[in-house]
Amino acid sequence: MASYKRILVGLDLSEESSQVLDKASELGRAFAADLSLAHVIEPLTFAYGGDIPMDLSEVQEQLQSQAKEQLRKAAEQLNVPAERQHVVLGQPATEIHRLAEELEVDLIVIGSHGRHGLALLLGSTANGVLHGAGCDVLAVRVHVE
């Protein structure tokens, strides 16, 4: 079995994120590994194709601020220091790959909703992370509580 020293945990900050954090924490303890937490926010212009006749920068800043606070609270429970808490703007799979390379992680832990149907086996973000990662990826099956 591989020995993991640096683990990156990709979180969507939903209620089910606690299940992913629990598994990552377990692995962190088992391998005495450093955990880093990441949340990727897609720019609102991506979601709306830039066709909105208003400035979304203030809304984007509020989303980032809220995400940083939620990530800080999650990190606090696991004693993850601020320098290993990352809220970034971009496409989730791409940014998780970039962070994983930058932080030289051995393992990426992400949640998978396990929806039914061939196209939804992992979900688009989990699938994207899995297929482009330069390290091991653990997709934690989360259950809606």
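Glu 76 is exposed, with a relative accessible area of 53%, and in this predicted model it offers a convenient place to begin, since a salt bridge ties Glu 76 to Arg 72 with the closest N and O atoms 2.8 Å apart. Both residues belong to helix α3, where a spacing of four residues sets Glu 76 and Arg 72 about one turn of the helix apart. Arg 72 itself counts as partly exposed at 33% relative accessibility, because that value lies between the limits of 20% and 50%.

A second pair of salt bridges is found in helix α4, which spans residues 92–102. Here the side chains of Arg 98 and Glu 95 meet at 2.8 Å, N to O, and because Arg 98 and Glu 95 are three residues apart in this helix, about one helical turn separates them. Arg 98 also meets the side chain of Glu 102 in a salt bridge, again described by an N to O distance of 2.8 Å, with Glu 102 and Arg 98 four residues apart in α4, about one turn of the helix. The surroundings of these three residues can be read from their accessibility: Glu 95 is buried at 13%, Arg 98 is partly exposed at 35%, and Glu 102 is exposed at 52%. Returning to the acidic and basic residues with which the account began, salt bridges that share partners join Glu 69, Arg 72 and Glu 76 into one network. The count for the model comes to five salt bridges.

From these charged groups the path leads to the nonpolar interior. In soluble globular proteins, nonpolar side chains tend to be buried together. The largest nonpolar core in this model has 24 residues, of which Ile 7, Val 9, Leu 11, Val 20, Leu 37 and Val 109 touch the most other members. At least two residues of this core are supplied by each of β1 (6–10), α1, β2 (34–41), α3 and β4 (107–112), and the largest share, five residues, comes from α1. Val 109 gives a view of how such a residue is surrounded: residues up to four places away in sequence being left out, Val 109 touches Ile 7, Leu 8, Val 9, Gly 10, Val 20, Ala 24, Leu 27, Leu 138 and Val 140. Apart from the largest core lies another, of 14 residues, among them Ala 38, Val 88, Ala 93 and Ile 96.

Helix α1, which covers residues 17–31, includes Ser 17. Ser 17 is buried, with a relative accessible area of 6%, and its side chain makes a polar contact of 3.0 Å with the side chain of Asp 12, while also reaching the backbone nitrogen of Leu 13 at 3.0 Å. When neighbours within four places in sequence are set aside, Ser 17 is in contact with Leu 11 and Asp 12.

The last stop is Leu 78, placed in the loop between α3 (57–77) and β3 (85–89). Leu 78 is partly exposed, with a relative accessible area of 24%, and so falls outside the buried class, for which the value must be under 20%. Its contacts, leaving aside neighbours within four places in sequence, are with Leu 21, Ser 25 and Leu 35. The C-alpha atoms of Leu 78 and Asp 22 are separated by 9.2 Å, although these two residues are 56 residues apart along the chain.

Conventions: Residues numbered from 1 in each chain as written. Predicted model: local features only at pLDDT ≥ 70, side-chain atom pairs only at ≥ 80, totals over all residues. Heavy atoms only, no water. Buried < 20%, exposed > 50% of the residue type's maximum accessible area, 1.4 Å probe, protein only. Contact = heavy atoms within 4.5 Å. Polar contact = N/O pair within 3.5 Å; in protein donor to acceptor, adjacent residues only side chain to side chain. Salt bridge = Lys/Arg side-chain N within 4 Å of Asp/Glu carboxyl O. Core = buried A, V, L, I, M, F, W, Y, C linked by side-chain atoms within 4.5 Å.
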